[in-house]
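The exercises below concern strand pairing, salt bridges and aromatic contacts. Please inspect the sequence and the coordinates before reading the solutions.

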Amino acid sequence: MRIGDREITKKDFVAVGLIFGVVIMGVWAMVNKPKPVVLHPPTQPGGLILQEGGEAGGRPGQFQYPRGIAVDSQGDIYVADSRNHRIQKIDGKSGKFIKDFGGFFNVGGGDAKKLQTVSPGKLNEPNGIAIGPDDMVYVMDTWNGRVQVFNSNGRVKKIISNDDSFWGPREIAVDPSGISYVADTGKHRIVKFGPKGEKLTVWGVKGEKAGQLNEPIGLALDQAGNLYVADRLNFRIQVFTSEGQYLRQWKVDGWSKEQVDMEPHLALDKVHSLLYATDGRGRKVYCHNLDGKLLATLDKGSTGNSLFVVPTGIAVDKEGNVYLTDAAAAKIYKLKGQF
């Protein structure tokens with residue numbers, strides 16, 4: 001057989017076949033590559049930690065400064081892998097990596113906080129995560145200044161933005177009806193949205209009086225729909241009704257001006273009426289009742305050594321287990337609840 005001036009021999013067909021076979025085998029190997037197991041039994045069994053895992057890097061199951069964490073109704077875990085600009089989904093039963101979504105394309109380099117990757121589904125240092133109705137995943141896309149809502153397969157379904165813009169928003173909480181609350185950190189306020197993403201109300205101004213805020217971050221909702229706010233630079237937790245009426249507050253002793261990695265997040269165990277708060281520099285997690293009484297401090301292993309480096313994001317599943325990200329250690333943990 002000839003093509004142009006060249007005679008095509010049997011050896012040529014064999015070579016092409018071999019190359020094609022190698023390509024097919026490579027594609028098959030990529031598609032069928034075993035999923036890495038992220039969560040393992042703890043290195044210190046018998047203590048506070050039920051499972052742990054993760055390491056620094058950009059591959060599946062690795063993290064760069066993980067922040068927010070959430071657990072859906074099936075027990076699957078979502079982690080805001082913030083400096084990899086993505087969300088990782090982990091099987092809550094097997095501990096295996098399932099998938100990631102998001103991504104950030106930085107043309108020409110530069111400070112990510114000054115850039116935007118505004119295409120739907122792209123993320124720029126995502127922070128807080130919340131699970132809404134039908135296991136929709138609400139992601140605080142911090143440096144794109146918006147909320148993105150994904151389905152459990154990682155497809156973006158809705159984008160929520162603010163008519164007068166956010167400034168470095170860090171956290172989001174969502175109630176069972178799909179009403180969401182955003183901690184608009186740089187503008188010292190809470191913004192409330194309806195199920196369709198329509199803006200409903202705003203409250204908070206910068207200050208230290210009751211009801212005022214100074215860089216709010218962590219958010220959590222109780223059974224009655226009251227909103228708990230980590231009022232970061234006032235070193236306290238404030239509680240508001242769903243309409244923004246001030247109810248009560250309490251100081252968190254570990255939070256202070258000396259904090260470098262102070263990005264406190266909150267999680268509420270609605271079944272046992274417990275509120276968990278992270279303390280990054282103190283390397284601790286605090287457990288309060290809903291009136292602010294400190295019930296427990298989570299920080300030591302069975303050997304008495306500190307367990308965490310910079311605990312940041314926190315979540316609670318329907319059984320009361322606690323999930324934690326350690327931003328500096330690039331790890332995630334499943335902990336025993338304190339009920």
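Each exercise consists of a task and a stepwise solution.

The structure is a predicted model, in which local features need pLDDT of at least 70, side-chain atom pairs count only at pLDDT 80 or more, and totals for chains, interfaces and linings use all residues. Residues are numbered from 1 along each chain as its sequence is written, and side-chain values use heavy atoms, with hydrogens and water left out.

**Exercise 1. Environment and pairing of S21**

Task: Determine how many residues of strand S21 are buried, and identify how S21 pairs with S20 and with S22.

Solution.

Step 1. Strands are DSSP runs of E with at least two residues, numbered from the N terminus. Buried means under 20% relative accessible area, exposed over 50%, and partly exposed in between (1.4 Å probe, protein chains only).

Step 2. Strand S21 covers residues 274-279, and 6 of the 6 are buried, so the strand is largely enclosed by the rest of the structure. This applies to both faces: Leu274, Tyr276 and Thr278 are buried on one side, and Leu275, Ala277 and Asp279 on the other.

Step 3. Two strands pair if DSSP finds at least two bridges between them. S20 (residues 266-269) is antiparallel to S21, with 4 bridges; Asp269 has Leu274 as its bridge partner. The two strands form a hairpin with 4 residues between them, and Ser273 in the turn has a positive phi of about 55 degrees.

Step 4. S22 (residues 284-289) is also joined to S21 in the antiparallel sense, by 6 bridges, with His288 of S22 opposite Leu275. This hairpin has 4 residues between its strands, and Arg283 in the turn shows a positive phi of about 60 degrees.

**Exercise 2. Salt bridges across the sequence**

Task: Which parts of the chain does the salt bridge between Lys331 and Glu52 tie together, and which does the one between Lys192 and Glu243 tie together?

Solution.

Step 1. A salt bridge requires a side-chain nitrogen of Lys or Arg within 4 Å of a carboxyl oxygen of Asp or Glu. The count by this rule is 15.

Step 2. In the pair of Lys331 and Glu52, the closest N and O atoms are 3.0 Å apart. Lys331 lies in strand S26 (residues 331-335) and Glu52 in strand S3 (residues 49-53), so this pair ties together parts that are 279 residues apart in sequence. Glu52 is buried, at 6% relative accessibility.

Step 3. For Lys192 and Glu243, the closest N and O atoms are 2.8 Å apart. Lys192 belongs to strand S14 (residues 189-193), while Glu243 lies in the loop between S18 (236-240) and S19 (246-251), so the linked parts are 51 residues apart in sequence. Lys192 is buried at 4% relative accessibility, whereas Glu243 is exposed at 55%.

Step 4. Salt bridges also link Asp163, Asp164, Asp184, Arg189 and Lys199 in a network.

**Exercise 3. Aromatic geometry**

Task: Classify the ring pair of Phe240 and Tyr246 as stacked, edge-to-face or tilted.

Solution.

Step 1. Rings of Phe, Tyr and Trp (its six-membered ring) pair if their centres lie within 6.5 Å; planes under 30 degrees apart count as stacked, over 60 as edge-to-face and the rest as tilted. The model has 8 aromatic pairs by this rule.

Step 2. The centres of Phe240 and Tyr246 are 6.4 Å apart and their planes lie at 75 degrees, so the pair is edge-to-face.

Step 3. Phe240 is buried, with a relative accessible area of 1%, and Tyr246 is partly exposed, at 30%. Both residues belong to one aromatic cluster with Tyr181 and Trp203.
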